[in-house]
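Trainee: I should like to understand how the terms used for a protein model are justified. May we take them one at a time?

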Amino acid sequence: MNMRVLMAGVMLMLGATSAWAQADSIPFTNAVSYAVGNYPHGMYIGNFTEDAYPDIVTACGDSVILLKNYGDGTFMPALYFYCGPGSHKVTAADIDSDGDLDLAVACAAGNYVAILTNDGSGNFTKSAQYNTGNSIWISFADFNDDNVVDLAVALYYADSVSFYRNDGSGIFAFDSQYATGSRPVCIATGDFDTDGFSDLAVANDLSGTITVLLNDSIGHFGESQEVQVGRTNTVCAQDVDKDGDCDLVFTNTYGNRIGILFNDGAGMFIDTTYYDTGFNDPQDVFAADFNGDNLIDLAVANFGANYISILRNQGDGTYRAPISYSGLARPRSVFAADLDNDGDNELAATDIGAASVVVFINQSQAGYESKLIIPRVTTCNPANAPAGIAVRVYAQSTDSICGITVPLTWTETWNLDSVSRVEAATEMWETWAAVIDNIGDSVKFGGVRILAQAIPPGDSQLIATLYFHPTIPVGITDSLLLVIDTFTTAPQSALAFADCESHTYVPEVLFDTSVFYGYMAGDANGDGVVNIGDCVYIINYVFRAGLAPVPLNAGDPNGDCNINIGDAVYLVNWIFRGGPPPICGCVTGPATCCQGNDARDVVYKSASVSVSTIYDGNTTELIIQSPVDIYGLQIEVRGDNGAAVANNIGQTQLYHQWNNGTATIGIMDINGVGRIPAGETSVLTIAGEATVTSALGADINGRTFEIAIGEAAKAEALPSRFALHQNRPNPFNPATEISFTLPKAAKVTLEVYNITGQRISTLVNGHLEAGYHSAIWDGKDEAGQTVSSGIYFYRITAGEFSETRKMVLLK
């Protein structure tokens, strides 16, 4: 075996190299400070104006300070709103149901909670105060399930938490009070026993406990649990181990660590795990996904040092050693949100030592979905093939790609006709590389050419074609396996993409399992198999000035030494009608042509494209669900031999042939115009009952992919009962489908609530006929703003029927 390394270089990146050098960290910018005044304590981030950008509020002295967002994660000078002496904790909710966020502030020195109402533009007026006693923490949630937020107050010297009920107009009245441990300092809300109602967890500093109070559904808290954890200042609720229930994360103030209490699913917290934060006096912790892996990471404000720590989730609720970020004096509180609207979470912290709020901008671009697609290659006969084997490497992202670092290795194994030649074969292959594409110029680094012009968002784009050719004579019966792989030994070999604003992110790496040959007759797209993708590739080359087959001979399956519409027709005739196979009739140049391979396998699998069937008793309808346009479709079905097949896609042609109850069916436009549009599309109708056994699709570039076979359904009579089904997919991002059945017509409401019981969105509100129905929730609230990841509930009311289910949004 022989191994070599091919390194692709960094492209024209401004400010991106430092983030790449820290391959094991989360790339935040240096801290940016905003002056707010002495002793800033608690903070909250939300959209307090009408511009859709998240703003920052903090409690400081006798005021609440608002930092309005310019829209890019930078902030305007501070605005001050008087609330009362010793303001300590601030939180926000729409208390008066007017569509904007209002504020509640715990004024510890004044022994009251102040309410500041918002006029919709971020101007606040103190509208009420409630003499609660010495309160340093407050929390909003809908505790009694009346669709308005209520107020919970931690009473420091009374060792209790009190509950204030909202009358719906933003006016609160004392309702009840519950004992806690000694010196309650923080409240977390969440549905701990998964019954759909908001419960409470209270951190008690002096007793070193966390009190868990379970809601009885009407805002009264009966069952309780007291868990010993050590001196603590903060507790927050989040599902850190992805098991569908809320766990508790807390700080250990004098232990220089944080802890996690794991939920057993019924609201009992037994198992505890601790992690060092790396610094003294951790005062606050916030749970959010910072690196785009859909896992809950933890950010910690270390008051005894000038650092914020981040602990990264390893996928099972355990955490890696902390990463530290400097630029603060005495951080007190920490909060996370997408401040620059790029899809990832930024960090903000109050800094008592510098009388400021500090912001760190996340550059990891967690919102991008990106892939690097690399083939694995076998040659059928490398002898006398100086034209080489073309290995195409593709990149794909939901955002433009302006720079790429791709470290590649390849290994060679051989099957020679003479044992004595093994030593010589260790240096059999050398490599040169070039880009063959229609995107633009390229720049060469270390033997490979990588694009200098941005790759636009969309489906997979060719970024490099690597050519391998032998350096010594090889026997005619020799074969060679070429395996391309990646490695990620940081920092010099870090794998990364970069957008056009110098933000870096790491793509998912996918390996094709296809078999490549010197070249195969008819294999126009060079993926090692001949199928519908090659038909599309030839059409693209002939009619759209698309990429040429490599070598050109591969795109000439009829062997007439020309590439034209006849070759696409020839392949269609072979694949779908049992015509003659591609031939090596026109062999120009030294490249070896491999004829007769009937491998009709797939190049790569797509988890997001599927085909399902619905049989209504007379015909079977085939439905494709795809996020991208499909330019060629190849499906094999079993059914009644010779059954009629109807094409439901306009501007395309249908090809099919039955053989002993099995049909190979194709849809493609021989003129290169028609296509199956992205989304859910009915593509075929087949007489009688039919079952899909395999399916392939081809994108606009002729790349083929396997289409997953979904469930086969039969049209039924009207449902016999009301039902609300589990959303699909779950967990989800960015959207999910909620299905329900009605045995009779009814007035229906379908609403989404967050974990605090606040209504987020109304999906259905009207009269519906009996039958099967569904609604899509796109992860946005009623104002059209994307909500944060977490647990949400959806509730249906249809006549006297009502049911609630839980779903999880991951980002």
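Mentor: We may begin with helix H3, residues 532-544, which has 13 residues and spans 17 Å from its first C-alpha to its last. This is a predicted model, in which local features need pLDDT of at least 70, side-chain atom pairs count only at pLDDT 80 or more, and totals for chains, interfaces and linings use all residues. Residues are numbered from 1 along each chain as its sequence is written, and side-chain values use heavy atoms, with hydrogens and water left out.

Trainee: What makes H3 a helix, and what span is expected of it?

Mentor: A helix is a DSSP run of H or I with at least four residues, a strand a run of E with at least two, each numbered from the N terminus. The expected span is 1.5 Å times one less than the number of residues; for H3 that is 18 Å, and the 17 Å found is close to it.

Trainee: Why is strand S9 called largely enclosed?

Mentor: Buried means under 20% relative accessible area, exposed over 50%, and partly exposed in between, with a 1.4 Å probe and protein chains only. In S9, residues 112-118, 6 of the 7 residues are buried, so the rest of the structure largely encloses this strand.

Trainee: How do you know that S8 and S9 pair?

Mentor: Pairing requires that DSSP find at least two bridges between two strands. S8, residues 102-107, is joined to S9 by 5 bridges, therefore the two pair, and they run antiparallel. One bridge links Ala106 with Val113 in S9.

Trainee: Which sense does the pairing of S9 and S10 take?

Mentor: Antiparallel, over 6 bridges. Their hairpin has 5 residues between the strands, and Gly120 in the turn has a positive phi of about 105°.
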